Each structure stands twice: as C-alpha cells, then as structure tokens.
Amino acid sequence: MWWMVGLALLLLVVHDWRGLIAGLAALQAALLAVLWQAWPAALAVTQLIAGWLAGAMLAIGQNLHPTPPGLTPPWSERLVRLLAGLLAVALVWATASTLAAVWPQVPWSARLGGASVALLGLIQAAWSRHPLRLSVGLLTGLSGFLALYAWQQHGLLLTGLLGMFQVLLAWAGSYLIHQTLAGEERL
Amino acid sequence: MNAGLLWVALPLAAAGAVGAWPKAPTRRKRWAAAGVAGLLALAAVALPIGRPLPLLGYRWTWTLQAEWHLLGRGFALDATARPWLAALWAWAALWALLAAEARLAPDFPAWSLALPAGLTLALAAGDFLPAVLLLALNLVGLVFLWTPTVHRPRGVGVMRFLTAAVAGLPLLLLALARLPGLETAPPQTPEVHYTGLLLGLGLALWAGVFPFHIVYPLLGQETYPYRLGFGGWLTHVALVLVVLHWAPSVAWLRDNPALYASLRTLGLGTIALAGGLLLVQRDLGRVVGYVMWLSTGWSWLALAQGLEGGATAFLTLAWPRALLWLGWTWAVSVLGLPDARFADRHLAGRGRAAPWVAAVAVLGLGAWAPWPGLGLGGLLTATALPTALAPWEWLLLAVAFIGPTWAAVRWARIFYLAPHEPTPNLPESPRERAWVVVVLAAWVAVAFLPGLWYAWAAAARGWLP
C-alpha cells in the first residue's frame, strides 16, 4: 500500500510525460497487489488491464504531438508540490480516527493509504491545466479510491463499469490533449 | 426482443453508423439521427411493453419484453416508463433536427443518439449503484460533445467539469456502500450523517451546486451553446429522475423536512445569485452558462416541495424548459456565426443583420425571469412556488426577476443599437426566419397550454415510486 503513496507523491513532481505514464503503470501494478487481497483474482487482473489500457491511451494521445506538456517547471515548484503532497498525507493521518469510524471494515493500511492516494490524485488534477496531468491525477485518485472501496463491495458489473469508466476517462483525456495541442499548434 | 435492444442498443448502433458515415454533412446526418430518434419516441408512445402485440390477423404475436439482464444486474423499462422515454427521444429528435441550422459539426447528430441511449440505460437500471456508474460514463462522454473548437482551445471548463464528474463518483459509491442497513435509520445518527455528507457532496459535484457551479460559466465560454444546452439539459433531467426513482427507498431522504427546507433555500439562492450575475456578463456564452445554473435553481425549488409534489413540479417544468433551451441556444449559436465568437464586441449590431434570430435570443433570455402569469416565467412560478414566501424570499425572487429581464434588455441594446457592425455580418436566411416562427409557436404553446405539460407530468410521475 505504501508503494502506492510513494508513487502518487512521485507523480506530483515528475514532469516528463513518459515518466508520468510509467509512474501510472507502476501505480496500477501496486494497486493489483492491494486488490488481490480483497477481490477475486480475475476481477483484480481486469482492473489492472483497464488501468494499463488507460495509460496506453494517454501515451498515444500525447505521442501524436511533439509538444511537451509545458515549460519545465523550476525545482522550487516541484518542491512546493511535494510539500503539499506530504501535507495531504499528514492530514489523512491526522484524521485516522474519523476514517476508522467511517470505514471500520477496511484494513488500516488500505484506509490510510487509499485516502492518501485519492487526495494526492485530486491535488494533481486540481493543480494542473494540462489534460495529461489532469487525466493522470484523476486516474491516480481513482486508484486510491479503489484501494479503499475494494474492501466494501465487488461484483462483475461493478468491475466492468469501473474499468470502462477509467478507459473512457483516458480516452477523453487523450482527446483533450489532441484538441488542446492541435489548437496551440494552429495558433 | 427486449426494451433494452430497442431503446439502448439500436440507437447506439445507429449513432455508430451516423458517426462513421464518411464525408456526409450535418444537413444529411441530422435527418438520419432525427429519424431514428423520432421513431424511438413514436415507439415509446405506441408500442405496448410487456404485452403481446397481435400481428397478421392475430395469428402471431410479438412481445417487447420489459426486463433484461446485463452481467448479473437487472434492467427494466416497463409501461410506466413510456412518457419519459417518449419525451427523451422527442427532445433528441428536435435537437438533431435543428443541428444543421445551428451550423454544428457533423459529429453532433451521432451524439444526439448516443447520449440519450446512455441515459436511457442509466434510467432503466434496477439499482442505484449501476445507475450511478452509467451516469458517470455519460458525464465523461459529454467531454467529447463539449470539447471546444479551434477558436477556443484552452478547454479549462471541460477539464474542470471532468474533474467534478470523476470526483463525484467515488463519493457516491462510498455512500452507497455504507447505505445497507441505514435506509430506515433516524437522520440524527452519525452513520446517517457521514453517509448523507458523502451522498450530498457527490451529487453537488455532479449537479453543479454552489460552489461547484463555477464549471457552468467556464463551459459556456468555451463550448458551443447548442451543444451545452443539449448535453447539460438531458443529463440534468436524467440525474434528477435517477435520484427521484431511488430516494423514496431511504427514509431519511423521504421524510426529512430539513432536507426540503435546505433545497428551498438552495433553489432561491441559486436563482437569485445566477440572475444577479447575468447582469455583469460581457460574453453571451457565459450568459448561457449562468442560465444553465439558474435553470438548476428552479429544479431545486421545485423539488423542495417534497418527493410527491416536487417530482410532479419538476416534471411539469421539463417540457417547457427543454423547448426554451432548444430554441434559445439555437438562436445564440446562429448569432455567433461564422466563427463562434460570443463576446459583446463581436455581437454588437448583429441584430440588425439577423433581427428575427436576435429577437429569439433576447426573448429566450428574458423568459428565464419569473414573469407573473406570463410565458415560461409564469409556469416556473406557478409550479415551483406553491407555498407562501417569507419577505427575504420575495427579495431573492425579485433579484431573480430583475437579472434575466435587465440582461435581456441589455443584450437587445447590444444587438440592435450598438454602433459597430460585426465582421463579417451574415444576414439571416429565409430558412432561419421560418425556424424562428416554429420556435416562437412552441414557446407560445408552452405559455398558453400548461394543461398539456401537467397531463404529461402526471403520466410520467407514474414511473416514480
């Protein structure tokens, strides 16, 4: 579980789009290890495939345009992002007793780790104006949510629709990348 | 054959075919889309669901099955669903029909079939959980419909909308996971408090409730108004219907006066704030966004009457508001031609080249004010405000009246009296004038035949528990 938190923190500071996609793929693999304990193996693997497919779609969308996600941010900005991420993790730890009261059936590592990753993903999404970072942030947040939610419910339709949701989200992100970068190139 | 094949699979297949139709312009594609959607609306009116239909002199019968299963979950569209099915597909047909007049790209007719099909599946879901997941898929699908054109490449509004749509889903799913066993619990317990908080936050994100309303003006500024009106309106109706279908099973939602009092305050606050903000907008696209927010305020006000009366009031407003959205966003889109620019400096003097279309744009904006006893406003006031109002509520209602009215006057001055001529200044065509007559006739019917909408609302109410 703590691998997921570390990877989500790393995704906050990584700039290169290849690094973002590789980090997202690693995060999905770490999520598989969590889901393996809560869901039947077939459903957990389905989620991994959906997550990797989503990452691949984003990579294809970004690779169609040579433009990088933006100007290289200064180290100070990355440091602020990292500090904000660490603060979010600390905030989740500070509310551990409330989270335990809300989700008593979820193991404490999944509860704290899942909530941390979900919050880190949301920070990543809210902080970015680029569709790739936004999509990676939203997919990261969904991974954290799944680590938390997997202990509460599972089912064939649920897994299928959640997988479809992630793929459609990545497709929409890829479409936004294309539209944004194509527009910028024409301008 | 089951109802899912007819109202979900068939339009999705047709959307794929229309979308993949190579090199066909919007003018040709819209006939295909409007034809399919119109036939589905007619089927909802005429075909019996779940009863045998005699064929060829009663020797053979054909039955449209109401229920079907998908990956272990049940879905159903029984005879009680026919009124809203007919309305949903009739709206889709009308929106597809006017798409060419609004000069939309050829992808729109396919979306006018795909989006209602997805929403139909969400409404057919037996449980709230699959309905929520299917609604989430539809919300993400709206990104493709709303992604800005080359003139507005930033996409910040669409990205913020996507963030809200994705952030709302986990909150709703976590609330639903906590719900078993809490359906009949008293509202004051901590379990109900946490569950209600998750549920309320999730729905607020999806419905654009204050402070998440900020996506509306951003979307209005970036997205073509006709596309925003179509996607926004249909999704709003489907979301409210899904919640109304499920909410009566939860006692602390069904019998909770504090909840309805909050909805009433929220509704009045929304129409007053959105109405007031209309006064200071210099971009007609942002005006469309704020009107979309104002429109949701009328929904909350209608629903504040409780599950029984609120559902009927909401449904009574559904048809008039659909026609208003359709005609008004069409007129606004035509005024923004040829390069989809909606700032006041681009639209100054536009009404002198297109006086009829500009008149629809002005009247449509003014109609969102709660005019007493006149037009759509009268209907809004009659259905959404049946009980006595406190003095401060009258004050909010006055702001909601002044905002759209004065905004309509201001934009009329920009269209007709501004000294600058827009470049290039496209004159309106005889075809557009003909559509203006059709739109105005539909609005007059709304104003003077309220019994028609009440009758439909009463029939559609039968689908809700």
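Two strands count as paired if DSSP finds at least two bridges between them. The exercises below apply this and similar ideas to a predicted model.

**Exercise 1. Determine how strands β3 and β4 of chain B are arranged, and describe the turn between them.**

Solution. Begin with the bridges: strand β3 (residues 67-70) of chain B and strand β4 (residues 73-76) of chain B are joined by four of them, and the two strands run antiparallel. Because two bridges are enough for a pair, these strands qualify with their four bridges. Next, pick out one bridge as an example: His69(B) has Gly74(B) in β4(B) as its partner. Finally, look at the connection, where two residues lie between the strands, which together form a hairpin. One residue of the turn, Leu71(B), has a positive phi of about 45 degrees.

**Exercise 2. Find what is unusual in the backbone at Lys23(B) and at the bond between Phe210(B) and Pro211(B).**

Solution. Start from the general expectation that most residues other than glycine have a negative phi, and that most peptide bonds are trans. Lys23(B) is not a glycine, and yet its phi is positive, at about 60 degrees. To place this residue, go to the loop between α1 (3-20) and α2 (26-46) of chain B. Lys23(B) has 6 other C-beta atoms within 10 Å, and it is therefore exposed. Turning to the second site, the peptide bond between Phe210(B) and Pro211(B) is cis, with an omega of about 10 degrees. Pro211(B) belongs to the loop between α7 (190-207) and α8 of chain B.

**Exercise 3. Decide whether Tyr224(B) and Ser116(A) are buried or exposed, and find what lies around them.**

Solution. The cut-off needed here is that a residue is buried if 20 or more other C-beta atoms lie within 10 Å of its own. Tyr224(B) has 26 such neighbours and so counts as buried, although its place is in the loop between α8 (215-222) and α9 (225-246) of chain B. Trp330(B) is 106 residues away from Tyr224(B) along the chain, while their C-alpha atoms are separated by 9.8 Å.

Ser116(A), by contrast, sits in a helix, namely α6 (residues 108-127) of chain A. With 25 C-beta neighbours inside 10 Å, Ser116(A) is buried as well. If neighbours within four places in sequence are left aside, the contacts of Ser116(A) are Val5(A), Ala88(A), Val89(A), Val92(A) and Gly144(A). Met4(A) is 112 residues from Ser116(A) in sequence, and the C-alpha atoms of the two are 9.1 Å apart.

**Exercise 4. Work out whether the radius of gyration of chain A agrees with that of a compact globule, and describe the fold of this chain.**

Solution. First list the elements: chain A has eight helices and zero strands. Then compare the radius, since a compact globule with 187 residues would have a value near 16 Å, and chain A, at 16 Å, therefore agrees. The C-alpha trace spans about 55 × 40 × 20 Å along its principal axes. Of the 187 residues in chain A, 51% are buried. As a last step, consider the contacts with a separation of 6 or more, of which 77% are between residues 24 or more positions apart.

**Exercise 5. Explain why the largest nonpolar core lies between the two domains of chain B.**

Solution. Take the assignment first, which gives domain 1 (1-126) and domain 2 (127-461) in chain B. The contact involves 24 residues from domain 1 of chain B and 32 residues from domain 2 of chain B. On the side of domain 1 that touches domain 2, α4(B) gives the most, with ten residues. This same side is made up of 18 nonpolar, three polar and three charged residues.

Now consider the core, which has 232 residues, with Ala37(B) and Leu113(B) having the most contacts inside it. Helix α13 (residues 306-335) of chain B provides the largest share, 17 residues. Both domains of chain B give residues to this core, and therefore it lies between them.

**Exercise 6. Identify which helix of chain B gives the most residues to the side that touches chain A.**

Solution. Count the contact first: 30 residues of chain B meet 33 residues of chain A. The elements giving two or more residues to the chain B side are α5 (128-146) and α6 (156-178) of chain B. Of these, α6(B) gives the most, with eleven residues. By class, the chain B side divides into 24 nonpolar, five polar and one charged.

Note on methods. Residues numbered from 1 in each chain as written. Chains lettered and ligands numbered in written order. Predicted model: local features only at pLDDT ≥ 70, side-chain atom pairs only at ≥ 80, totals over all residues. Domains from an automatic or database assignment. Contact = placed C-beta atoms within 7 Å. Nonpolar A, V, L, I, M, F, W, Y, C, P; charged D, E, K, R; others polar. Core = buried A, V, L, I, M, F, W, Y, C linked by C-beta atoms within 7 Å. Buried ≥ 20, exposed ≤ 12 C-beta atoms within 10 Å, placed from the backbone. Rg over C-alpha atoms; globule rule 2.2 N^0.38 Å.
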